[in-house]
Structures are given as C-alpha cells and as structure tokens.
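Let's take a walk through the empty spaces of a protein model, and then stop at one residue along the way. Have the structure open and turn it as you read.

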Amino acid sequence: MEAYIKGIGIVSPQNTFDTPDFLTELVEHNSKTLRCIEPSYKEFLNPILSRRMARIIKMSIAASSVCFKDAKIDMPDAIMTGTALGCLEDTEKFLVAIIENDEQFLTPTSFIQSTHNTVSAQIALQLKCMNYNFTYVHKGFSFESAVLDGLMTLAEGDAKNVLVGGHDEISEKYYRVCDRIGYWKKEEQVLTMDLINMESDGSIAGEGASFFVFSNEKTENCYAVLCGIKTIYKPESNAEIETKINELLHTKGLTTNDIDLVVYGINGDARFDKTYNNLKEGIFKNSTATYFKHLCGEYQTSASFALWMAANIIKRQTVPNAVLIGENKSKVIKNVLIYNTFLNTDHSVFLLSQC
Amino acid sequence: MSSKIYITGMGMISAIGNNVAESLASLENSNSGIGTLENIRSRHKAIIPVGEIKASNEELTAMAGLLPEQQSTRTALLGLIAVQEALKTAGITDIKEFRTGIISSTSVGGMGTTENHWYEYLDKEKTGPWLKYIEAHECGDSTEFIADKIGIKDYLSTISTACSSSANAIMFGARLIKHGILDRVVVGGTDSMTRFTINGFMALMILDKEKCKPFDSDRQGLNLGEGAGFFVIESEKSAKGKEILAELSGYGNSNDAFHQTASSPDGAGAYLAMEKAFKVSGLKPTDIDYINAHGTGTSINDLSEGTAIDKLFSKNVPNISSTKAFTGHTLAACAAIEGIFSVLAIKHNMIFPNLNYVNPMTELSFKPTTTLEKGKKINHVLSNSFGFGGNTSALIFSRHQ
Amino acid sequence: MDALIDQLKGEIIEQLNLEDLKKEDIDNEAPLFGEGLGLDSIDALELIVLLEKNYGIKVANPADGKKIFQSIRTMAEFIEANKK
C-alpha cells in the first residue's frame, strides 16, 4: 500500500497557506498557545454559508480548497479526516449555553456543528461530493487512522484521488482545562523557538488544518510517495518501538541506514522527549534530525503538520534551518521517516520516499 | 488475506436488556425500553420519553467487574460491558493469540461527565476525583479504556460520524481484515445519554413527546436512547473451528451532500450507500429477506430512507421494520445494536416488529412489519444507519453457509 | 409596526450572524428563505428561539415557521397578534 502525495493545503500557526515559501519567514508566537494564521475566507466561502461556521471549519475548507487546486483535481473519490476534538469551540458554546440558560432558549447551530464529522461533511457539502466520507476521532491516532484508510481505499482500486486531512483547534478554555492535568508548561514565559532545549514538564499548545490529496497516479508535481504508516499503542520498551519501525521499513526493503532524515515530534516535554532521543542517538544516529512542534505546537493531529513538512523536504530537497537539529547530514534526501507521539500513549511512524 | 468476514461474537446493552439474550426476549415480547428519564438531571425530564439503561454508573462499574476506583465515563462503561459479552460469545480467552484490534465509535465520548464538571474543570481552586475525567472527554479515551481492560494492543481507532458511526466502525474493521492488517477486530459503538444531546435534539425540534412511531404518517420525531453494541469479526484464519454466527457480506458508505442535518427528500445518499453494500456482497435486492431500517421516526429521515428503499427495491420491498421504538435512537451505537438484531433475525428466523405504527405514509409503497414474524427463513438482512453531515451507511448480514 | 420591524431586523441580523447585512438591505416584504435572504431550516429554528426568548411566544411545531417567517412583515404581524 502506498500513495503519491499529489497536493497539499495547510493552515497552521506558520505562514504555510498557499505560499511558495517554505519556513524561511517564521512566525514567533509570544504565547504558550500557538494559534493559526488564518487566511481570508472570501475566496473560498460565500458569506451566507460561512456565517455560522466556526474557525476550524473555515480553516479546513480553505485548506482543502487549496489542496485540490494544488493537486489539480475538482472532486476527491473519498474524504477521510482525523480530529481528536472535533469542533471544540462550538462544543463549548453549546455546553455553556445549556448550563447558563438552564436548558432553555437553545438554538441548534452550535450543537449541529459540535458533531465530530462536521468538517468532512462540510467539505462534501461544498463540493456536492457524495463519495465515501469518514471521520476518525482517536486522540493521537486520529490523523493516522485517516491516512491508513486513505492508503487502503486507494489499494482497493475504486478510487484514484482521496482527500486525507487532520484538523484540531485549541480554545482558551480547553487550554485551561488541559493545563490542570499537566499538558502544558508551567513557566510564565516560554520561548517557543527554544522548545527543544527546555527541561521542564509539559509542552505548548497548538492547532492546525492540513489536507492532502493521496493518489495512485504519479504526476510531475507530486511531492513524495507515502510508503506506509504504523501506529504503536503504549509501547512497553524502546525495543518494541524499534521492532515496529523495522517492520515498516522491511515492507519496502529498507533498513534504518536507508533513512536520510527523520522528523521527530519532540515537544519539549521532559517526560516524553527521551523516546525521540533514544531513536535520534540510537538507530537513526546517522540520519539528519528535524523537529516541528516549536512551529505548530502540540496537538493530537500534529503529525499532519509533520507530513506536510516531510513531503516538502523531499520535493524541494531542502531542509529549512528552523527545523534542523544539529547538522544536515544528507546530500540527497530519498527516504524520510516521521516519528510522533501524543503523550507517550499513541505513537506513529510514517515512511516517505522520493517519487 | 481473508475474503470473508465472520461474526463470531456479539454483545450489547441498551434500554431493552443488559445483554443479547435479554434484548432478544424484549424484541420477541414487544417490550419497549422507552420510558421516563431517571439517571440524569434535566428540566425536560417530564416532557421527553427516552430509552435509558436503568443502572447508575456505579452499578455499571460493578457489572463490568471493576472496582469502584476504576469507574470511568458512562460511555466507556457501557462499551466495556458490551465488549466483554462479545469476547465471551466468541470464546476468546487469549487476546494475544491473533493480531487483534478494536474499532469503536461514539458521538458523545465523555460529554456526560464533562457537562457535570465543566466549571469545576475551569476553576483552579477546585479539585476532586473528577479531574481524571478531563482526558476522558475525548472520544478515543473510551476506546483506550476498553482496550486496556481487555488487553488489546495491536490496533486501536475510533470513528465519529454521528448516527452512522458504528456502521462505519464495523466497515473499517472488516476492511482491516481484508487487507491482512488484522486477524480479528472488536467493532461497534457506544453512547450514553447526556444533557448535551437531549438539548441538542430538543433545539432541532425533532424529539417526539410520545413514543416514536417510525414510518407512520403521523410520526413526530425520535426518542433518544443509550447503549453499546459490539461484534467480534474474524478472518478465515482466526475463525477456523469456531461457531460462526453470521457473515458480514456487504457494506457501503456514502454522503448525501444535501444539508448539514437534514436528509435529501429523494434519499440519494442512502441509495448510494445501499447500492455499494450490494456491490461488495455480490447480492441483489431480491436476495434480502428483511430490512432493519434506520427509521428514526423523524419526518425527514423516514421519508428520505423510505424513498431510497422504494427506488432500490423497485417498490418490491421485503419485510422491513425499525427497532428504534424498542431502544430509542442510540446514536453512535445504533448501527451495531441493530446489526446484532439483524444477526438475531438470521439466527432465529424472526422479523422484529416496528412498534407504534398505525397510519401508512402515502409517499411510500411499503408498510413495515408490525408484529413478530417467525418461521420465514432469513438468509440476508440489510441494515441502514444514517447520520448528521449527510453520512449514510448500509451493512448486509448473511447466513453462514 | 414600523418600530417593531426595525427592531426585528436588528435582532435577526444578530441572531443569524448576518454581519454583512444592514437593516436597510432587508426588504420588509421579500421572502426570508430561499430566494430572498437565502436562509434555511436551521435559521428557522433560530428564529423560533428568537420569538420565544425576546417576545415570549412559543411555536411548538417547526412546520408553522413557514407561514410565520415568510417575510419580515409577516413575522412582525405574527408577533403583534400573539404578544402577551
């Protein structure tokens, strides 16, 4: 099972939307919450439609539109997205309205939009796309499940182009709630660009909407081949992680020595970064090391930002300085691996190769 | 790779019973589970009937064989109880014997707890045992809770596509087997009653103040329910030598792409989903002996679904009923629960009644079956489930030959 | 009646997030749904809540909305007739 990444559209806390720039002009967020740089929606949505839409829906529609343009397709043969929290702001809005109004005078709009599959549904509705439409909502496996489904759907032979997305939004309240259970750093001020050097517990919050067209057709503009994905639930040892990575590599006849570059989900959380360090200083000590969560923050579907980054590194054969850890050891970047975990519970590995 | 998907286990809990046997007895005796809301506080208590499981979270914790301190959200507890039964009927004692995964689904996740503690969550001064439920808010948390209790590690995922969720979980699990990624998968869904959903459906003005009347021309809306349903589905390899309850022969998902909540009047999405399920199964509409309809009792769903069925079956519709008047609409769990009813229909050659039906809809060619029918051989059952966001799914269950 | 119509327009713009519209853009007689303002069934439910919350009028059957919300004027007339 593999897929050509044919198009990408991404709204993130960096200037990543519909731009030729690749992480040279960085946005530094003076906050422990990295919010997205939102595009102007006028081009993508008529105001009558967008007036009820929450931020995450608008960002996702804009990102998927750009993705289709990039892939030069009008209609995907299937849509699969991952989101751990769905439309968080609408969920909170309806919840608060129930409590504040003591279950009276409630309007349905925020309830409707609180449904987890609203984004994939709205994309379908905009396109009048009646094809397969799935939404995965499993914490750090949400986007990963959508990716696997995308690969499976292409392998089944009925679909040529599928839209695969990952989207989650952070709200001020949910930040505060998760802060209570140790998700975020306690320091008053955090230099987000220095995240990798921090030695305290917790990370910084982020969000994003990233969409990809996976295809079984190779095109001239294609970014990379996604050669496979593996998820690992609560690994008991480093050996288990390494076994799973090797299993994935072996399906393509590769070994760890063939991996030119690794994208790590390092998030500055002293409790969990050792998982990445073991790989970086162990089986991948000869590969170029990169990371990304100082740019987009930590969130359940952040691997979608990493996939955008990895695909661009392969296509452009450049590694932005902003993401490098140490030196760039590779002249040619042929095979890239992404290793990510959310809270050390849900782990995932993606393997990409040059087209 | 397995070309067939064998059902070897099933488990459920809903307003009509704490397990499959109790549920079957209720179906046979036309015992509806719709009644008054008791377990949660709501100002709508006296107005809206619901299909509620008459057990507190503490009682559910004990039922699942857990210690009081292991209590989780109602969604997770209901799911665990149904999964335990499914594993038991499948005769699975060693979960590590084959590559085993779990694909669950839920629409509310931990909302039932979040809505009770939201302001406490936000207040740094307050602390309590409820802090552990913050993480349980996420849909995937209930799946991980269940997986941890039964020892599943090879693959976990959770789907949320509103009221078609568990149909899609079953479908994804079946495809994981067909692709050779897993040997067997626990698939289904779980949803608990919450003030959040009660008020959401109230605001949409689609809750019937009486017991729901699917496919009746005087239908006034749906009754909310709660519950969980899970199957164990297996490949040829892992099912070898085991009792096969039925096969999952077809599945299809499509999108109506008409409106965020309302189904299209012609049921275009529903039609496509059923058509895909037929294509996967290699069956024809004339092979179907019974349709377990989505049939929520809302004005729009029943017309849309009925119209699509009429079109697909060329107005030659086999026995059809909605069992929502028994369980209420159990949202993410309904497709798995009704999937279990479909397997029971095959196993016992029975067609379960569509309760509370009096007046035919003039728009449709068919009338649902309103009394228990026994004796007709049931080989293939079509089961529909449709959700918000135009999500339409259809499953076909077949007798194991 | 004119004052009520004016007030109602403001409330509708707010309730339905029609930020790009001004009161004078809404014709008193033009249909609110479909061709006119382009509102849909979810907006109808929003307007039912508006009637209950701001004017104390309960509409039990959403199907009744069709007649009531034909235009701003029919809505105002309905409020006048049913106001407590």
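Start with α3 and α4 of chain A and α8 (195-203) of chain B: each of them gives at least two residues to the lining of the largest cavity. Keep in mind as you look around that this is a predicted model. Among those helices, α8(B) hands over the largest share of the lining, namely three residues. The space they help to enclose has a volume of about 270 Å³. Of the 21 residues lining the largest cavity, the ones closest to its centre are Ser114(A), Thr115(A), Ser107(B), Val108(B) and Phe196(B). What kinds of residues make up this lining? There are 13 nonpolar ones, seven polar ones and just one charged one.

How do you find such hidden gaps at all? Rolling a probe the size of a water molecule over the atoms shows where empty space is left. Here the search turns up seven cavities of 30 Å³ or more.

Next comes the second largest cavity, with a volume of about 100 Å³. It has 14 lining residues, and nearest its centre you'll find Asn267(A), Asp269(A), Phe272(A), Glu298(A) and Leu343(A). Six of the lining residues are nonpolar, five are polar and three are charged. Where does this cavity sit in chain A? It lies between domain 1 (3-215) and domain 2 (225-353), because both domains give residues to its lining.

Now for a pocket. The second largest one holds about 850 Å³ of space. Its lining counts 34 residues, and closest to the centre are Arg51(A), Arg52(A), Leu16(C), Asn17(C) and Glu19(C). Several helices join in with at least two residues each: α1 (47-50), α3 (88-100) and α4 (109-114) from chain A, plus α1 (2-15) and α2 (41-55) from chain C. The largest share, five residues, belongs to α3(A). By type, the lining of this pocket splits into 14 nonpolar, seven polar and 13 charged residues.

Finally, zoom in on a single residue, Ser281(B), in helix α10 (residues 268-281) of chain B. Is Ser281(B) buried or exposed? Its relative accessible area is 18%, and buried means under 20%, so Ser281(B) counts as buried. Leaving aside residues up to four places away in sequence, Ser281(B) touches Ser249(B), Gly250(B) and Ile396(B). Look also at its side chain: a polar atom there lies 3.1 Å from the backbone nitrogen of Leu283(B).

Technical notes:
Residues are numbered from 1 along each chain as its sequence is written. Chains are lettered from A and ligands numbered from 1 in the order in which they are written. This is a predicted model: local features need pLDDT of at least 70, side-chain atom pairs count only at pLDDT 80 or more; totals for chains, interfaces and linings use all residues. Side-chain values use heavy atoms; hydrogens and water are left out. Helices (H or I, at least four residues) and strands (E, at least two) are DSSP runs, numbered from the N terminus. Buried means under 20% relative accessible area, exposed over 50%, partly exposed in between (1.4 Å probe, protein chains only). A polar contact is a pair of N or O atoms within 3.5 Å; within protein, one must be able to donate a hydrogen and the other to accept it, and residues adjacent in sequence count only if both atoms are side-chain atoms. Contact means heavy atoms within 4.5 Å. On a 1 Å grid over the protein atoms alone, a cavity is a set of points where a 1.4 Å probe fits but cannot get out, and a pocket is an open set with protein on both sides within 12 Å along at least five of seven lines; lining residues have an atom within 4 Å of a point. Grid points are joined across faces, edges and corners, and a volume is the space filled by probe spheres set on the points. Ala, Val, Leu, Ile, Met, Phe, Trp, Tyr, Cys and Pro count as nonpolar, Asp, Glu, Lys and Arg as charged, and the others, Gly among them, as polar. Domain bounds come from an automatic or database domain assignment.
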